[in-house]
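Welcome! Take a moment to turn the structure around on your screen before you read on. This briefing will walk you through it topic by topic.

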Amino acid sequence: MRIAVTGSIATDHLMVFPGKFSEQFVVDQLDKVSLSFLVDQLEVRRGGVAANICFGLGSLGMNPILVGAVGADFDEYRAWLERHGVDTKSVHVSRTKHTSRFLCTTDQVQAQIATFYAGAMEEARDIELRPIADRVGGLDLVIVTPNDPLAMVRHTEECRALGIPFAADPSQQLARMEGPEIRTLVEGAAYLFTNEYETSLLLKETGWSESEVLDRVGYWVKTYGPEGVRIESKDTEPLVVPAVKVIDEVDPTGVGDAFRAGFLWGLHAKLSLERSAQVGCTLAAIVLETVGTQEYTLDRAEFSKRVAVTYGGDAAAEIESKLRV
């Protein structure tokens, strides 16, 4: 199964300020703010939704095709992804802009000051899917994840024109896009991914009811964090899959991306929707227990053990028979 994942590719620069931001502001001088915070911790993490999903798919033994836009500073990140099985040949490299960056400083009371630089991501709107499909001998599924909004719309429309099945994962861009754009992203999707909040936002912005959404998609995959996953379609009874118990919750960043990677790998391995969701929930738990979205490693025996504890021996045996990690 040839899967292309379109979306953001970024690095996160996370810093810690040992004091309180609130103590640095002078109330009657807020219109003349000029501050510099001396931080004592810095972590640089690889990120971006599309890159996170591709890393997960690669870690499970696939060779996903990453589609997005980066800067000339991408070489080290590219090498990392390729070492983990990701096809990066269709990543567009900007001549003028840097790879997207998220810069965030957190103080001792968890207040944050953050900046997101979109950078090269804005050029993702110029990427065409047909040459990518031609290069790899056709695409079986395209995942449209958060990205430059015009790129998301373009990729979705191209999939319809080319007859390529696609999955809609609008995620955080739901808050930025208007109803007509969101309807364009969802209409005709083979799979739609949302979490609980995004479900409410999607219904509000599109003006559709849940049944009207189900009339327009194949399967709607709703994630509920520790409450698990619910998969719905127009013609079948809802499927509910419980979450995997987390041993030590460390960092929620990238957990949704990990679930999508596991679920999509399950489809690739020709597992049922239930088994695919179980793989997704297991990988999500592993990422939740890890600092960083791409800092985990997978062990086949340990992965199967986690599946067995939550879903039983039959599920573990069936999933392990497909694993190549």
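Which residues does Ile132 touch, not counting residues up to four places away in sequence? They are Ile65, Val67, Ser90 and Ile127. Keep in mind as you explore that this is a predicted model. With that said, let us start with the whole protein and then visit a few residues one by one.

**The protein as a whole**

- The secondary structure adds up to 11 helices and 14 strands.
- The radius of gyration is 20 Å, close to the 20 Å that the globule rule gives for 325 residues, so the protein is as compact as a globular protein of that length.
- If you draw a box along the principal axes, the C-alpha atoms fill roughly 60 × 45 × 40 Å.
- Contacts also tell you how the chain folds back on itself: among those between residues at least 6 apart in sequence, 66% join residues at least 24 apart.

**Inside, surface and charge**

- Of the 325 residues, 53% count as buried.
- The protein exposes about 15,100 Å², and carbon and sulfur atoms supply 49% of that area.
- There are 32 positive and 47 negative side chains in the protein. The centres of these two sets lie 5 Å apart.

**The annotated domain**

- The UniProt record, an unreviewed entry, carries the annotation "domain: Carbohydrate kinase PfkB" for residues 28-295.
- Over residues 28-295, helix makes up 36% of the chain and strand makes up 21%.
- The C-alpha atoms at the two ends of this stretch are 44 Å apart.

**Ile132, our opening residue**

- You can find Ile132 in helix α3, which runs over residues 129-136.
- Ile132 has a relative accessible area of 6%. Buried means under 20%, so Ile132 counts as buried.
- Lys89 is 43 residues away from Ile132 along the chain, and their C-alpha atoms are separated by 8.9 Å.

**Val229, in a strand**

- Val229 sits in strand β13, made of residues 229-233.
- With a relative accessible area of 3%, Val229 is buried.
- Leaving out residues up to four places away in sequence, Val229 touches Val221, Lys222, Thr223, Leu239, Val240, Val241, Phe259 and Cys281.
- Met152 lies 77 residues from Val229 along the chain, and 25 Å separates their C-alpha atoms.

**Ser276, in a helix**

- Now look at helix α9, where Ser276 is found.
- Is Ser276 buried or exposed? Its relative accessible area is 0%, so Ser276 is buried.
- Apart from its neighbours within four places in sequence, Ser276 is in contact with Gly262, Phe263, Gly266, Leu267 and Leu271.
- One of these contacts, Gly266, is 10 residues from Ser276 along the chain, with 4.2 Å between the two C-alpha atoms.

**Two loop residues with positive phi**

- As background, most residues other than glycine have a negative phi.
- Ser171 has a phi near 45°, a positive value in a residue other than glycine. Look for Ser171 in the loop between β10 (166-168) and α5 (179-186).
- Lys270 also shows a positive phi, near 65°, and is not a glycine. Its loop runs between α8 (255-268) and α9 (273-288).
- How do the two residues sit with respect to the surface, and which label does each one get? Ser171 counts as buried at 14% relative accessibility, whereas Lys270 counts as exposed at 74%.

**Ser321, towards the end of the chain**

- Ser321 belongs to the segment after α11 (313-320).
- Ser321 has a relative accessible area of 44% and is partly exposed. That label fits because the value falls between the 20% limit for buried and the 50% limit for exposed.
- Ser321 and Val33 are 288 residues apart along the chain, and their C-alpha atoms are separated by 60 Å.

Definitions and conventions. Residues are numbered from 1 along each chain as its sequence is written. This is a predicted model: local features need pLDDT of at least 70, side-chain atom pairs count only at pLDDT 80 or more; totals for chains, interfaces and linings use all residues. Side-chain values use heavy atoms; hydrogens and water are left out. Helices (H or I, at least four residues) and strands (E, at least two) are DSSP runs, numbered from the N terminus. The radius of gyration is taken over C-alpha atoms; the globule rule is 2.2 Å times the number of residues to the power 0.38. Buried means under 20% relative accessible area, exposed over 50%, partly exposed in between (1.4 Å probe, protein chains only). Contact means heavy atoms within 4.5 Å. Accessible areas come from the Shrake-Rupley method with a 1.4 Å probe; for residues, only the protein chains shown count as cover. Lys and Arg count as positive and Asp and Glu as negative; His and the chain ends are not counted. The place of a charge is taken as NZ of Lys, CZ of Arg, CG of Asp or CD of Glu. UniProt positions are given in the numbering used here, feature names are shortened, and annotations may be inferred rather than shown by experiment.
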